[in-house]
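The following points are offered as a colleague's note on the model shown below. They are intended to be read alongside the coordinates.

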Amino acid sequence: MAYPHHFDHAAVQTCWQRLQEHAEQISPQTILSFFAADAQRFEHFSMEAAGLFLDYSKAKAQAQTLTLLAQLADAAGLRDLITATFAGEVINHTEGRAVLHTALRSSEQSPLWVEGVNIRDEIQSTLMQMDAFVQSVHSGQWKGYSDQAITDIVSIGIGGSYLGPRVAVEALRPYWTGHLRCHFVSNIDGSDIAYTLEALNPATTLFIIQSKSFKTQETLTNAETAKAWYLENGGKADQVARHFVAVSSNVELARRFGIAAENIFPMWDWVGGRYSLWSAIGLPIALQVGMPGFRALLKGADAMDQHFKTAPFEKNMPAILGLLGIWYQNFLGAGSCVVLPYDQTLENLAAHLQQVDMESNGKQVDRQGHSLTVDSGAIVWGGAGTNGQHAYHQLLHQGTRWAPADFILPLRSHRERGRHHAMLASNCLAQSQALMCGKTLEQATTELLKAGLSQDAAEQLAPHKVIPGNRPSHMLLMEQLTPETLGALIALYEHKVMVQGAIWNLNSYDQWGVELGKQLCDSILPVLENPEADLSGLDPSTAGLVQKFRAR
């Protein structure tokens, strides 16, 4: 039975009205004025949890803002939703599923039942299966068809089976163990798998096919291409099982492919794809950093889970970030948010968070199927600093559109090289400061006069150097990027998405918008491949494009 989300429409409407009135009062004020009014604003607007430190003192918000937002969260039933989610109730009501990716990283021992099954037993069994598998590959016991040890792992998946594991593998490079190299293939574009395979040896390459249904078009096409490459380059048909394993709930199709039953790792309906890196989908992570590193990743996420479950909203890190996101988007007019990790190994974090956030909350109806009357689902973008400073930061500072920014900075680097890390940190802090402080026309004019320009020249150039400032940002610090802090960081953003979905009263765990494109693809592919196929069922634009493709 689906969880009856305790969303009090009348109370939410009252809170919403209060926040709108508050927004009108606060909009003319500046973030700098908030510091002037509160000498201890930094202490009042910062907190620590699960190895992360959050400074949100540069938010365009006051204490009253957070109080009103917390009241909105209460009216929306967020606390009950959190409790029900962790208890395994059917939160994903359109698909009739529990939402229990948090159970994958939980240290709790009490039984957790889903449809009559204690899933804690299944989780532990899978971790043991992963442990044995990783040990066999690392030790060289697992050998390819020519009795050579495995040197390369190719993970074939797409969406959550690709984005999360890739981010974790890249971020944890200082923790890579042994001689293994992990590669990822996701795109149906043949170039993706072709370029990946061209430098590999089939005798020492192991493929992980990541597909819950074992029917995902992109994944299965790439898997068949990988299998053909293996066979065409010396691999033996009766040894396929030594080079292919799977993470899937469709054991029969995986076995037909040639994968041994004992090398098929489970997937469960109560784990959504974009939240699946904590499951056996995380095998590439475990192989690259070892099972102790993978378990440390789970531990960090679990620490954030426990904080999220228990902390009051006013001191709850995911709740604060989620509610501030609601404030910026629905009350102050921001349409996007930017994630700026100042750590090169996190350069693809924004891509993972795009799926976690936009696939979850990119919805237009509420849980009852009624059209939303407010905007949902912020556009998420970003990339690694300092590269962005020479690209899109120009828009952040002087553009007519603005976006709240999350800066992420490890205080210590794994690769200290002279002044590099201090310079990186100085850039990060300076960008955050510049967004808030800006530069006035008077300041710009004075600088130009001091530089030797005439009064007329300074007055002409100065407007181009004005930076409005008063643009909010948050700073997330960690002592160092480790498996634990990475786990906490990703879990933080997962819970932020849940907070916002609760406020908008929508189901954050289905993704029906993805399905239409898949359905249409199934109808277009045959007419692309058959030059005699009838195009009358297509719209004129698509039919014209199909004819262009056929004529190639």
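1. In this predicted model, A246 stands opposite I264, a residue of strand β9. The two strands concerned, β8 and β9 (residues 264-265), pair in the parallel sense, and two bridges join them. Between β8 and β9 the chain passes through helix α10 (residues 251-257), and this β-α-β crossover is right-handed.

2. Strand β8 also pairs with strand β7 (residues 205-210); the sense is parallel and the pairing extends over four bridges. One bridge links F207 to its partner F244 in β8. The connection from β7 to β8 runs through helix α9 (residues 217-232), and this β-α-β crossover is likewise described as right-handed.

3. Are the residues on the two faces of β8 buried or exposed? Strand β8 comprises residues 244-247, and both of its faces are covered. F244 and A246 lie on one side, V245 and V247 lie on the other, and all four are buried. A246, which stands opposite I264, and F244, the bridge partner of F207, thus belong to one side of the strand.

4. The pairings above form part of an open sheet of five strands, ordered β6-β5-β7-β8-β9, with parallel pairing. Which strands form the edges of this sheet? They are β6 and β9, each of which pairs on one side only. As a general remark, strands of a sheet pair through backbone hydrogen bonds, in either a parallel or an antiparallel manner.

5. Helix α8 (residues 190-197) has as its buried residues I193, T196 and L197. These residues lie on the same side of α8 because they cover an arc of only 90° around the axis. Their cover includes strands β5 (152-156), β6 (181-185) and β7, together with helix α9. Of these elements, β5, β6 and β7 are strands of the open sheet, while α9 is the helix through which the chain crosses from β7 to β8.

6. A separate point concerns T400, which is located in the loop between α15 (393-398) and β12 (405-412). Is T400 buried or exposed? Its relative accessible area is 82%, and T400 is therefore exposed, the cut-off for that class being over 50%. T400 and L346 are separated by 54 residues in sequence, and their C-alpha atoms are 28 Å apart in space.

Conventions: Residues numbered from 1 in each chain as written. Predicted model: local features only at pLDDT ≥ 70, side-chain atom pairs only at ≥ 80, totals over all residues. Heavy atoms only, no water. Buried < 20%, exposed > 50% of the residue type's maximum accessible area, 1.4 Å probe, protein only. Pairing = 2+ DSSP bridges. Right-handed = clockwise from strand over helix to strand, strands pointing away. Arc of directions from axis to C-beta. Contact = heavy atoms within 4.5 Å.
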